[in-house]
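Subject: Structure for you, with notes

Hello,

Here is the structure I promised to hand over. Please open it first, then read on for what turned up.

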Amino acid sequence: MATGFKHGKLPVRYLGVPLVTRKLSLRDCQPLVDRIQEKIQQWSLLNLSFAGRFELIRSTLYGIQNSWCRQFCLPKGVLKRINQLCMVSLIRSLLARHGFLWVAWADAYVLRGATFWQLQAKPSFGWIWKRLLKIRDMLPAQVLQDGVSELVARIWLQIMVGKERVVWHRLVWFSLHIPRHSMLTWMALLELLPTRDRLIAWGMALDASCVMCGDVIETCKHLFFECAGTRIIWKEVLSLCDISREVLSWNQELSWAVRFMKGKSLLALLLRLAWNAYFYFVWKEINCRIFQSVSRDLSSIVLDIKGVVQLRLQGRFVKFRMDSINFLLCYRWGIHV
Ligand SMILES: [Zn+2]
């Protein structure tokens with residue numbers, strides 16, 4: 001053009017953000033969120049310590065954010081999303097056991113033998129731990145999109161390669177599933193949990209007997225449905241669903257579950273949640289007995305299963321018709337109607 005000016009397009013952008021006369025929307029700020037997400041993904045390829053990652057977040061990411069804040073009044077939702085991205089990045093380094101000094105400190109004084117997933121919030125926790133735990137509860141959706149996917153992807157590839165599709169996948173993965181329960185159950189059903197028979201086969205010198213009953217060699221099949229120490233728990237869970245029968249063998253229980261836990265009824269949903277919680281809490285109990293020398297009575301484990309199912313379904317009963325069967329189920333499980 002004669003004047004040397006070029007044709008532009010409205011709206012004019014500054015630092016990637018459109019200059020508009022109204023308040024900025026979440027969509028307007030997407031370039032900022034994308035830029036921060038891109039940085040975090042680049043750093044995920046680096047073997048950074050927790051301290052290094054924290055410093056990068058503090059200096060670079062908050063630097064970018066502050067530079068934007070000086071120019072614009074950012075929506076609250078954008079700031080929240082940026083904080084989430086930064087916290088997820090910190091959690092990744094914690095799970096990946098990067099950052100030896102900080103992780104060692106966290107293991108000794110905060111986790112105290114528990115995993116990050118099992119950690120319960122305490123009033124004495126500082127701001128950062130409270131935020132980490134809050135973000136943890138939002139992680140399942142993030143996990144698949146963001147960093148922890150490396151770990152999940154490794155497990156996924158290991159259990160998927162060369163395997164046929166299983167008939168029981170809907171027992172484990174369904175709309176209200178609890179991710180940590182489902183992952184554990186998935187591994188148990190594929191007999192991939194590090195039970196004593198497998199550890200011995202890998203060359204470890206161990207006592208092979210079951211930690212729950214002490215009678216038989218500890219295998220996955222034995223632990224969950226053939227052990228006198230755990231069958232009682234499953235029987236109690238079944239009776240909460242108004243099912244009165246003896247506990248069957250591993251294969252029979254699995255066939256029964258495939259037949260009876262399908263569909264959209266409240267009973268099917270309750271059973272699926274309880275099934276996954278059962279695997280999770282039994283495995284947790286075994287680990288507590290081995291690593292912490294702490295044994296709980298079996299009724300406490302039933303209460304844990306009941307509590308977690310209750311919490312998951314509380315307020316969702318409206319989707320179900322409140323007939324006498326569903327009413328009884330809600331009553332037995334303590335779900336308030
Ligand atoms: Zn046993």
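Start with helix 14. At 1.5 Å a residue, its 26 residues should span 38 Å. The C-alpha atoms at its two ends are 37 Å apart, so the length agrees. Keep in mind that this is a predicted model.

Helix 14 and its partners

Helix 14 covers residues 266-291. Two helices that pack against it are worth a look.

Take helix 12 to begin with, residues 228-240. Its axis comes within 11 Å of the axis of helix 14, and the two cross at roughly 155°. Angles over 145 degrees count as roughly antiparallel, so helix 12 is roughly antiparallel to helix 14. The crossing is right-handed. Helix 12 contributes T230, I233, W234 and V237 to the contact, and helix 14 contributes A274, Y278 and V282. By class, that contact has six nonpolar residues, one polar and no charged ones.

Now helix 15, residues 298-313. Helix 14 and helix 15 have axes 9 Å apart and pack at an angle of about 135°. That makes helix 14 oblique to helix 15. This crossing, too, is right-handed. From helix 14, the residues in contact are L270, L273, A274, A277, Y278, F281, V282 and E285. They meet I301, D304, I305, V308, V309 and R312 of helix 15. By class, there are eleven nonpolar, no polar and three charged residues.

Compare the two lists. A274, Y278 and V282 of helix 14 appear in the contact with helix 12. A274, Y278 and V282 also appear in the contact with helix 15.

Why do residues three or four places apart point the same way in an α-helix? An α-helix has 3.6 residues a turn, so such residues share a direction.

A link to helix 9

L184 lies in helix 9, residues 179-189. Is L184 buried or exposed? It is buried, because 22 other C-beta atoms lie within 10 Å, and the cut-off for buried is 20 or more. Leaving out residues up to four places away in sequence, L184 touches F279, Y280 and W283. L184 and W283 are 99 residues apart in sequence, yet their C-alpha atoms are 8.4 Å apart in space.

The loops on either side of helix 14

S265 sits in the loop between helix 13 (250-260) and helix 14. S265 counts as partly exposed, because it has 15 C-beta neighbours inside 10 Å. Along the chain, S265 and R321 are 56 residues apart; their C-alpha atoms are separated by 9.2 Å.

S293 is found just after helix 14, in the loop between helix 14 and helix 15. S293 counts as exposed, with 7 C-beta neighbours inside 10 Å. Its phi is near 55°, a positive value in a residue other than glycine.

One more positive phi

Most residues other than glycine have a negative phi. Which loop holds E191? E191 is in the loop between helix 9 and helix 10 (196-201). Phi of E191 is near 55°, again positive in a residue other than glycine. E191 is partly exposed, with 13 other C-beta atoms within 10 Å.

That is the full set of notes. Over to you.

Best wishes

Terms used:
Residues numbered from 1 in each chain as written. Predicted model: local features only at pLDDT ≥ 70, side-chain atom pairs only at ≥ 80, totals over all residues. Axes fitted to C-alpha atoms, helices over the stretch in contact; angles between N-to-C directions. Helix = DSSP H or I, 4+ residues; strand = E, 2+ residues; numbered from the N terminus. Parallel < 35°, antiparallel > 145°, perpendicular 65-115°, else oblique. Left-handed = near helix turned anticlockwise from the far one by under 90°. Contact = placed C-beta atoms within 7 Å. Nonpolar A, V, L, I, M, F, W, Y, C, P; charged D, E, K, R; others polar. Buried ≥ 20, exposed ≤ 12 C-beta atoms within 10 Å, placed from the backbone. Expected span 1.5 Å × (residues − 1).
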